[in-house]
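Here's a quick walk through one protein model, with an eye on the things you'd probably look for at the bench. Have the structure open alongside as you read.

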Amino acid sequence: SGAPFVPMFDRYLCGGKKAMLLNIGGISNVTVCLGKDTFGFDIGPGNSLSDAAVNLLSGGAKTYDKDGKIAAAYAPDIKKAEQLSKLFVGNRPPLSLERSSMAEGFIKAHFKELALPDISTLNYLTALIIAKSLKKFILNKYEINRLYLCGGGVYNKTLVCNLGKLLPNIKIADTAEMGLHPMAKEAAAFAYLAWLTLNGRAGTCPRATGAAESSVIGCVIRQ
């Protein structure tokens, strides 16, 4: 399928600088830019666990924890989060994940008596999975000290705070610091990929996709 697609745009956005770009949507995924060498992978849950829990607890009246306020009101069960994180951080990073595996089914299996304090644990769990993956697959191998965030998770202040605590040596900011609104990166990325295709230029990073070489993606139908 050519996925993941965004690393090529992230390489363009970084302009040759070393950085990690973390998208926190339903799932979380990261791009690692090391100059021309660029790769990326899905990590695990982004907003999906917290969103599913809020939806279940509110009977569908609410769909997310606005600004992370519910999570901030309680203390997370760190021991439980540590145990559950082992389900997501394996021996190698996945190239692509499905949000459905990190939503209501997961909540019902591991939080039998779901309550508001669990929102805090799920928030911390999400940050922990991200931090562990970045450390294991990236920071243990490369000297990078910048992490740029985008996607809806940018506005979950508790999640961003937890990431900061778990990654104390990393400078964390959102992509606005790079001149791009954190909610606009996906649209900008696909506009850039369209431009590459229209001009017959490669739009994939082989190390990100696992392909043997970079290639033009999609096709142009002229009528």
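## One helix, two sides

Let's start with helix 7, where Lys157 and Lys165 are exposed, on the other side from the helix's buried residues. Bear in mind that this is a predicted model.

Those buried residues are Thr158, Leu159, Asn162, Leu163 and Leu166, in a helix that covers residues 157–166. Look down the axis of helix 7 and they fall within an arc of 140 degrees, so they line one face of the helix. What do the buried residues of helix 7 pack against? Their partners are strand 1 (18–24), helix 3 (69–72), helix 6 (117–139) and strand 5 (171–174).

## The strands

Strand 1 turns up again as a neighbour of strand 2: the two run antiparallel and are joined by seven bridges. Within that pairing, Leu22 has Val30 of strand 2 as its bridge partner. Getting from strand 1 to strand 2 takes a hairpin of two residues.

Strand 2 then pairs with strand 3 (residues 37–45), again antiparallel, through eight bridges. Here Ser28 sits opposite Gly44 of strand 3. This pair is a hairpin too, with two residues between the strands, and Gly35 in the turn has a positive phi of about 75 degrees.

Is strand 2 mostly covered or mostly open? Mostly covered: of the eight residues in strand 2 (27–34), seven are buried.

## Cysteines

How many disulfides are there? The count is zero. For Cys150, the nearest cysteine sulfur belongs to Cys14 and is 11 Å away, and Cys150 is in no disulfide. Cys150 is also buried, at 2% relative accessibility.

Cys161 makes a different case to look at. Its closest cysteine sulfur is the one in Cys150, and at 20 Å that is too far for a bond. Cys161 is partly exposed, with a relative accessible area of 38%.

## Salt bridges

As general background, side chains of opposite charge can pair when their charged atoms come close. This model holds five salt bridges, including the ones in this table.

| Pair | Closest N to O |
|---|---|
| Asp10 and Lys185 | 2.7 Å |
| Glu82 and Lys132 | 3.2 Å |
| Lys171 and Glu177 | 3.6 Å |

Take Asp10 and Lys185, which form a salt bridge. Asp10 is in helix 1 (residues 7–14) and Lys185 in helix 8 (residues 185–198), so this pair ties together parts that lie 175 residues apart in sequence. Are Asp10 and Lys185 buried or exposed? Both are buried.

Next come Glu82 and Lys132, whose side chains also meet in a salt bridge. This pair links distant parts of the chain as well: Glu82 belongs to helix 4 (residues 78–85) and Lys132 to helix 6, 50 residues apart. Glu82 counts as partly exposed at 31% relative accessibility, and Lys132 is partly exposed too, with a relative accessible area of 25%.

Finally, there's Lys171 with Glu177, a salt bridge at 3.6 Å between the closest N and O atoms. Lys171 is partly exposed, with a relative accessible area of 41%, and Glu177 counts as partly exposed at 47% relative accessibility. Which residues are linked with Lys171 in a network of salt bridges? They are Arg146 and Glu177.

Technical notes:
Residues are numbered from 1 along each chain as its sequence is written. This is a predicted model: local features need pLDDT of at least 70, side-chain atom pairs count only at pLDDT 80 or more; totals for chains, interfaces and linings use all residues. Side-chain values use heavy atoms; hydrogens and water are left out. Buried means under 20% relative accessible area, exposed over 50%, partly exposed in between (1.4 Å probe, protein chains only). Helices (H or I, at least four residues) and strands (E, at least two) are DSSP runs, numbered from the N terminus. The arc is that of the directions from the helix axis to the C-beta atoms. Contact means heavy atoms within 4.5 Å. A disulfide is a pair of cysteine sulfur atoms within 2.5 Å. Two strands pair if DSSP finds at least two bridges between them. A salt bridge is a side-chain nitrogen of Lys or Arg within 4 Å of a carboxyl oxygen of Asp or Glu.
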